[in-house]
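This report goes through a set of side-chain contacts in one protein chain. Please look over the sequence and the structure before reading on.

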Amino acid sequence: MEMTQTTALATSSPSPAPAAEKDGRTAGRSLSRRLLARPEVGALNAAVGVYLFFFAVAPAFREVGALSTVLYQASVMGIMALPVALLMIGGEFDLSAGVAVTSSALTAAILSFQLTVNVWSGVFVALLVSLTVGAFNGWLLIKTGLPSFLVTLGSFLILQGANLAVTKIFTGNVASDSISDMAGFNQAKDVFASDFTIGGIDFKITIFYWLAFAGIATWLLLRTKFGNWIFAVGGNKESARAVGVPVNFTKIALFMGVGAGAWFVGMHLLFSFNTVQSGEGVGNEFLYIIAAVIGGCLLTGGHGSAVGSVIGAFIFGMVNQGIVYANWNPDWFKAFLGVMLLVAALVNLWVRHTATRR
């Protein structure tokens, strides 16, 4: 009887379910494919190549002190490249980003000097102006439906003309008056333009801010709901709107982020040199975009990373200083950067095709 019950239990116990077969949609990708899918992989390879190239041809580039200069150049470019990269992932451009930096610095300098107030008053007003310009670009884009290229090109021309005209009205020349002897200047310089020493080498504080902002931007993109909104809006804004993504808010916030970046870099330039040339910044918007594209951002939106823009800006710093250390004609800088842009675009295209191919 006992044997019979045991046999019955054995035969009535459920048999293990057959393993599910993997099809082409569920099959896991290899580690190499997953790495290639990262937008910054192409930029990282390019950065290694550029570093080795200048390490070989420019002996001064090998010195430890040269790293400080390279990182400084990269940080000033990279702080602006970060919000520009986020905006590009969201599917838009901002051609006014370069002159917006100068507008921010001029606002703080002229207001502080003309009203003879503490420079921090000018700093905060400049922040409000920069955020307002960014919000206006986003609002006009949404209300008119015009491409961001046209909207921000108009803003670029307005700011460029206003920078020159307003500066001449208040100062009589094309540069702001020096504010180095005004109240609050030294404190503001400590915040925006001071140095720190590591191993006997002086580094600009912008390097620290750059890396900190990169960490925040990466966390924002990969760990927050707003980051999901950015990718969704850049991929297909109508589909994003259909599933409840606040498209208008996301785009305006991204443009305001560019404004905040322009304010910060503008304050660094102002408190580094005490005065600002009103014609500066023209053309820098393309350098920010180039750094983002080299870092893996697509012109069509919906793809990219904050880390990629950091690498792209680092390549900019290496090229900018490497040409000087190699004693080349600096006129080659733009040509070299153009080659890097084309190579990066082709590498990004190949990486995406390789990563998505089954």
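In this predicted model, the charged end of Arg-62 sits over the ring of Phe-55, with 5.5 Å to the ring centre. A second arrangement of this kind involves Lys-204, whose charged end sits over the ring of Tyr-72 at 5.9 Å from its centre.

Lys-204 also takes part in a salt bridge: its side chain meets that of Asp-195, at 3.3 Å from N to O. Lys-204 counts as partly exposed because its relative accessibility is 26%. Asp-195 is partly exposed too, with a relative accessible area of 46%.

How many salt bridges does a search of the whole structure find? The search finds three. In general terms, side chains of opposite charge can pair when their charged atoms come close. The pairs are listed here with their N to O distances.

| Pair | Distance, N to O |
|---|---|
| Glu-92 and Lys-251 | 2.6 Å |
| Lys-204 and Asp-195 | 3.3 Å |
| Glu-238 and Arg-241 | 3.3 Å |

The salt bridge of Glu-92 with Lys-251 links distant parts of the chain, the two residues being 159 residues apart. Glu-92 belongs to the loop between α4 (64-89) and α5 (97-115), while Lys-251 lies in helix α12 (residues 247-273). Are Glu-92 and Lys-251 buried or exposed? Both residues are buried.

The salt bridge between Glu-238 and Arg-241 lies within a helix. Glu-238 and Arg-241 are three residues apart in helix α11 (residues 237-242), so about one helical turn separates them. Glu-238 is partly exposed, since its relative accessible area is 48%. Arg-241 counts as partly exposed as well, at 39% relative accessibility.

Helix α4 also contains Ser-68. Why does Ser-68 count as buried? Its relative accessible area is 9%, and buried means under 20%. A polar atom of the Ser-68 side chain lies 2.5 Å from the backbone oxygen of Asp-202. Leaving aside residues up to four places away in sequence, Ser-68 touches Ile-201, Asp-202, Phe-203 and Ile-207.

Aromatic rings are the next topic. The structure holds 26 aromatic pairs. One of them joins Phe-54 and Phe-61, whose ring centres are 5.9 Å apart. The planes of these two rings stand at 45 degrees, so the pair is tilted. Phe-54 counts as buried because its relative accessibility is 0%. Phe-61 is likewise buried, at 6% relative accessibility.

Which residues form one aromatic cluster? Two of the members are tryptophans, Trp-120 and Trp-263. Tyr-209 belongs to the cluster as well. The remaining members are Phe-124, Phe-185, Phe-192, Phe-208, Phe-213, Phe-264 and Phe-271.

A last point concerns the confidence of the prediction. The chain has a mean pLDDT of 87, and 87% of its residues reach 70 or more. Where does pLDDT stay under 50? This is the case over residues 1-27, for which the model has three contacts beyond four places in sequence.

Key
Residues numbered from 1 in each chain as written. Predicted model: local features only at pLDDT ≥ 70, side-chain atom pairs only at ≥ 80, totals over all residues. Heavy atoms only, no water. pLDDT = per-residue confidence, 0-100. Contact = heavy atoms within 4.5 Å. Salt bridge = Lys/Arg side-chain N within 4 Å of Asp/Glu carboxyl O. Helix = DSSP H or I, 4+ residues; strand = E, 2+ residues; numbered from the N terminus. Buried < 20%, exposed > 50% of the residue type's maximum accessible area, 1.4 Å probe, protein only. Polar contact = N/O pair within 3.5 Å; in protein donor to acceptor, adjacent residues only side chain to side chain. Phe/Tyr/Trp six-rings, centres within 6.5 Å; stacked < 30°, edge-to-face > 60°. Lys NZ or Arg CZ within 6 Å of the ring centre and 35° of its normal.
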